[in-house]
Amino acid sequence: MLADCQCFISKHHLFEPTQKILLAVSGGLDSTVMAHLFHQAGFSFGIAHCNFGLRGEESDADEAFVRDLATQYNVPFFSKKFDTDAFAKQHHLGIQDAARTLRYEWFSELLTTQQYNYIATAHHQDDHIETFFLNLLRGCGISGLHGILPKRQHIIRPLLFATRKELEQYAEEHHLQHREDASNKQTKYTRNKIRLLLSPTLKKIQPQLNRIMVENMERFHEAEQIYQTRIRQVIAEITQRLPNNVLAINIEKLQSLEAPKTFLFEILSPYGFNKEVIPDILKSLTATSGKRFHSEHFTLTKDRTQLLLHETQPPSDNIFFIEKDDTEIYTPLHLKITRYTLPTGLCGENTDDTDGTDFHRLKNIKIRFNPSNLCHPCSKFDYDKLTFPLTIRKPKTGDAFVPLGMKGRKKLSDFFIDQKFSQIEKENTWLLCSGNDIIWVINHRTSENCKITEGTREVMGVMVEGEHG
C-alpha cells in the first residue's frame, strides 16, 4: 500500500516530497493509517486533532490517543477543543456542518501560522462514492458528481486510491491501534445511511461498484471541465462590468442561448442566488423594467435590455456637507474643490469641461456653454451665488431642477427617463445642492442656478476624482 500511496501522490501532483504536510488525524482507522504511511515514507508532517467535545470523555480519550501517536512518530502535534453545540446553534447549522466549518477554519489558520504547505485528510474511496450519492440525493449540478477531488486548493486527499477494506487490512498487517467512534454505526446522519444501508445493497447488485463508480466520477469530472469552459465563454460574451462594479447581463443574448436557465444559474449562483429563483427571473425578461430579485448580499434588477447585478446597499438618508474652506472631501464621493478669481474682462455664459484641463487655472479662455458636453466629472459655479454649507445627498421624491441650457424646471425623475438611466444608475446618483436648489446632478448635469455668467468674478470648481461612471 505504501507504493500505491506514493504513486497516487505523484500521479495527482498532491505535493512535493520536500514540502511540509499537516495531517488531520481523528484517531480513527483511516487517519491512523494515513499517519503511518506518511511516517513510513519519510515525509515531513505534523498532526492536527480537533476535539469537538461531542462524546464527553471519549472525545478527550481520542485527543490523548492522537497526542501519543504524534509523540511516537516524533512530529509536531496541534489540538483544539471546540464548543460545537454552541457554534451550531449560534449559526443555525447541523452538528456535522458546524464541525466541518470549525475544522477547516482552524486548519487554514494552522497552515499560515505553522507554515505548512497542505492539509491532508484521510478520505478514502468509499467516502468518495458516498459523497457522490450524498450530493445526488441533495440535488446538485454537474460539479457535485465528481465526488471528492484528490486536491483542492490547500487540501489534499492521499488515500482516495484505497477502499475501506484495504485500509483495514493494512492496519491489521501492521498492528495499528485506532479509536472507534460509535456514532459511525448509527443511521442518524444521511452519510451513515448511505454507508450502512445503500452501499451494501448496491454492492450486492454490482460487486464491482467501487471500480465502476470511480470510473464514472472521473468521466463526470472531465465532462465538468468541458462544461465550465463553455460557461466561461458564454459569460464573457453576454456580460460586461459597468461602473460601480455592476455586472450587466445582455437579455437578448441570454434568451438566444441553448439553455438560458442553466447559464443564468451559473452566472448568478456565485452571488448567492439559488436555482429556485431562476425560473422567476427568466419570466421577468418579457415584463416591464424594474422587477427585482435578491440574494443575501446582492440585488438583480431587470432593466430594459439588461439584467443588472450589484451589491445591495442600504438606503442612504445621510446628508454630507462642503464648507467654504474645504478643498477636498472623501465621503460620500472623493471630490476636489478649488476657488479662483476670473481675470478682469473675462466673459462668457458657462462651461462644462469634460477633461478638467483648465480646472486649476483659467487664463484668457472665453467661457462658453457647450450643449454636447453635459456629462462630466467636473463642474463650475458662480461662488457668490452659493449658499454654504453645500450639501450632497441622494435623490428623493419630488426633486426638480433647471438643467443647464434650459429655462424651465424639470422633474428629476423625468430627467432620469430622458437620459435612459437604469434603476441602479438612479440609485447611485448623488446631488450637489446649494440651499434647497439642486445645482449639480453629479457626473451628469449642472443646473442653470449658480452658473457662470458675464457678471461672475469668483468661480468654485468641483471635480470628481477616480471613476466617473
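Analyst: Buried means under 20% relative accessible area, exposed means over 50%, and partly exposed lies in between, for a 1.4 Å probe and protein chains only. The model is predicted, so local features need pLDDT of at least 70 and side-chain atom pairs count only at pLDDT 80 or more, while totals for chains, interfaces and linings use all residues. Residues are numbered from 1 along each chain as its sequence is written, and side-chain values use heavy atoms, leaving out hydrogens and water.

User: As what does H175 count, buried or exposed?

Analyst: H175 counts as exposed, because its relative accessibility is 66%. The backbone there has a positive phi, near 55 degrees, in a residue other than glycine. The location is the loop between α7 and α8 (190-205); helices (H or I, at least four residues) and strands (E, at least two) are DSSP runs numbered from the N terminus.

User: Which loop holds N245, and what is the phi of N245?

Analyst: N245 sits in the loop between β7 and β8. Phi is positive, about 60 degrees, although N245 is not a glycine. With a relative accessible area of 53%, N245 is exposed.

User: How should a pair of packed helices be read?

Analyst: Two packed helices are described by the angle between their axes and the distance between the axes. The axes are lines fitted to C-alpha atoms, for helices over the stretch in contact, and angles run from 0 to 180 degrees between N-to-C directions. Here helix α9 (residues 209-238) packs with helix α11 (residues 260-268) at about 85 degrees, the axes being 10 Å apart. The two helices are therefore roughly perpendicular to each other; angles under 35 degrees count as roughly parallel, over 145 as roughly antiparallel, 65 to 115 as roughly perpendicular and the rest as oblique.

User: Which residues make the contact of α9 with α11?

Analyst: Contact means heavy atoms within 4.5 Å. From α9 come Y227, Q228, R230, I231, V234, I235 and I238, and from α11 come T262, F263, E266 and I267. By class this contact has seven nonpolar, two polar and two charged residues. Ala, Val, Leu, Ile, Met, Phe, Trp, Tyr, Cys and Pro count as nonpolar, Asp, Glu, Lys and Arg as charged, and the others, Gly among them, as polar.

User: How is a sheet read, and what is the order of the open sheet of five strands?

Analyst: Strands of a sheet pair through backbone hydrogen bonds, either parallel or antiparallel. Two strands count as paired if DSSP finds at least two bridges between them. The order in this open sheet is β7-β8-β11-β10-β9, with antiparallel pairing. β7 (239-242) and β9 (292-294) are the edge strands, each pairing on one side only. Neighbouring strands are turned against each other by 20 degrees on average, direction ignored.

User: How many bridges join β7 to β8, and how many join β8 to β11?

Analyst: Four bridges join β7 to strand β8 (residues 246-250), and T239 has I249 of β8 as its bridge partner. Four bridges also join β8 to β11, where I249 is partnered by L307. β10 and β11 are antiparallel over five bridges, with L300 opposite L309, and a hairpin of three residues joins these two strands.

User: Where do α9 and α11 touch the sheet?

Analyst: α9 touches β7 and β8, and its direction makes about 55 degrees with that of β7. α11 touches β7, β8, β10 (298-302) and β11 (306-311), and its direction makes about 175 degrees with that of β8. Five of the six residues of β11 are buried, so this strand is largely enclosed by the rest of the structure.

User: What does a nonpolar core consist of, and which residues of the largest one touch the most other members?

Analyst: A nonpolar core is a set of buried Ala, Val, Leu, Ile, Met, Phe, Trp, Tyr and Cys residues joined through side-chain atoms within 4.5 Å. The largest has 37 residues, and F15, I21, L23, V33, F38 and I47 touch the most other members. Elements supplying at least two residues each include α1 (2-11), β1 (20-24) and α7 (164-173), while α2 gives the most, six. V33 touches M1, L167, Y170, A171 and L176, not counting residues up to four places away in sequence. A second, separate core of 21 residues includes I251, F273, I278 and L300.

User: Where do the cis prolines P332 and P389 lie?

Analyst: The T331 to P332 peptide bond is cis, with omega near 0 degrees, and P332 lies in the loop between β13 (328-329) and β14 (335-341). The bond from F388 to P389 is also cis, with omega near 0 degrees; P389 is in the loop between β15 (378-382) and β16 (390-393).
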